[in-house]
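I opened the file today and kept notes as I went. Short entries, in the order of looking.

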Amino acid sequence: MAQLRAHYPDIKAAGADVLLVTFAPPDRAAKWARAHDLPYRLGSDVSRRIYFDYGLGNARLGDLINLQVVAAGVKAFTRSRLVPRLTQHGAQVGGYFVVDDTGKVVFAYPSKGPGDYPNPKDLLAALGVE
C-alpha cells in the first residue's frame, strides 16, 4: 500500500488509476480507507469473487507466521492503534494487476503472502512509465 501511495502521482500521470480490493465488508473497508487516508479507491469483495477470478489463493502457514509479518503487524498497530480483526479469510493473499482500457491484463503479480509486493518499476513499466 505504501508503494502504491508513493507512486500514485506517476500512475495518475500515466492516465491510470488504482482500485484496492478487500474482502472486508463495505463499512469496515470505508473505515479503514478513512483511517489510512487512501488517495485511491477501495472496493469491497466480500464473496472474494475477484480474488478467485484473478487466480489468487491462500498463503502458506510459513508465509503468514514469520518475523517480517509480525513486525509489520506491530508497526501498523502502534501507528494506528487499531487492533486488527481476524477474519475467516485471514490467509487470503492479494495481487497487483494492471488492466488496460480494453480489459486486458498487461501486468500480473500474484503475491505469495503478506509483504510480497512487485517491484514498483515493473508495475510502472506496464503503464508505459519509465
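**Entry: burial and surface.** I started with burial. Of the protein's 130 residues, 25% count as buried. I note that this is a predicted model. I then took the accessible surface, which comes to about 8900 Å². Carbon and sulfur atoms own 57% of that surface.

**Entry: fold outline.** I counted secondary structure next and got 6 helices and 4 strands. Their order along the sequence is α-β-α-β-α-α-α-β-β-α. I also asked how far apart in sequence the contacting residues are. I took contacts between residues at least 6 apart, and 52% of these join residues at least 24 apart.

**Entry: helix α1.** Which residues of α1 are buried? The helix spans residues 2-13, and I found L4, Y8 and I11 buried in it. I looked down the axis of α1: the buried residues fall within an arc of 85°, so they line one face of the helix. I turned to the other side of α1 and found A2, A6, P9 and A13 exposed there. What do the buried residues of α1 pack against? I traced their partners to β3 (95-99) and α6 (120-126). I then checked the backbone just past the end of the helix. G15 comes just after α1 and takes a positive phi of about 85°.

**Entry: strands β1 and β2.** I moved on to strand pairing. Strand β1 covers residues 19-22, and strand β2 covers residues 41-44. I found 4 bridges joining the two, and they run parallel. I followed the chain from β1 to β2 and passed through helix α2, residues 26-35. This β-α-β crossover is right-handed.

**Entry: T22.** I picked one residue of β1 for a closer look, T22. Which residue of β2 stands opposite T22? I found S44 there. Next I listed what T22 touches, leaving out residues up to four places away in sequence. The list reads A29, L42, G43, S44, D45 and Y51. S44 is thus on my page twice, as the residue opposite T22 and as one of the residues T22 touches. Of the listed residues, I place A29 in α2, given that helix's range of 26-35. Last, I checked the T22 side chain for polar partners. A polar atom of that side chain lies 3.1 Å from the backbone nitrogen of A24.

Methods. Residues numbered from 1 in each chain as written. Predicted model: local features only at pLDDT ≥ 70, side-chain atom pairs only at ≥ 80, totals over all residues. Heavy atoms only, no water. Buried < 20%, exposed > 50% of the residue type's maximum accessible area, 1.4 Å probe, protein only. Contact = heavy atoms within 4.5 Å. Areas by Shrake-Rupley, 256 points an atom, 1.4 Å probe, with all protein chains shown as cover. Polar contact = N/O pair within 3.5 Å; in protein donor to acceptor, adjacent residues only side chain to side chain. Pairing = 2+ DSSP bridges. Right-handed = clockwise from strand over helix to strand, strands pointing away. Arc of directions from axis to C-beta.
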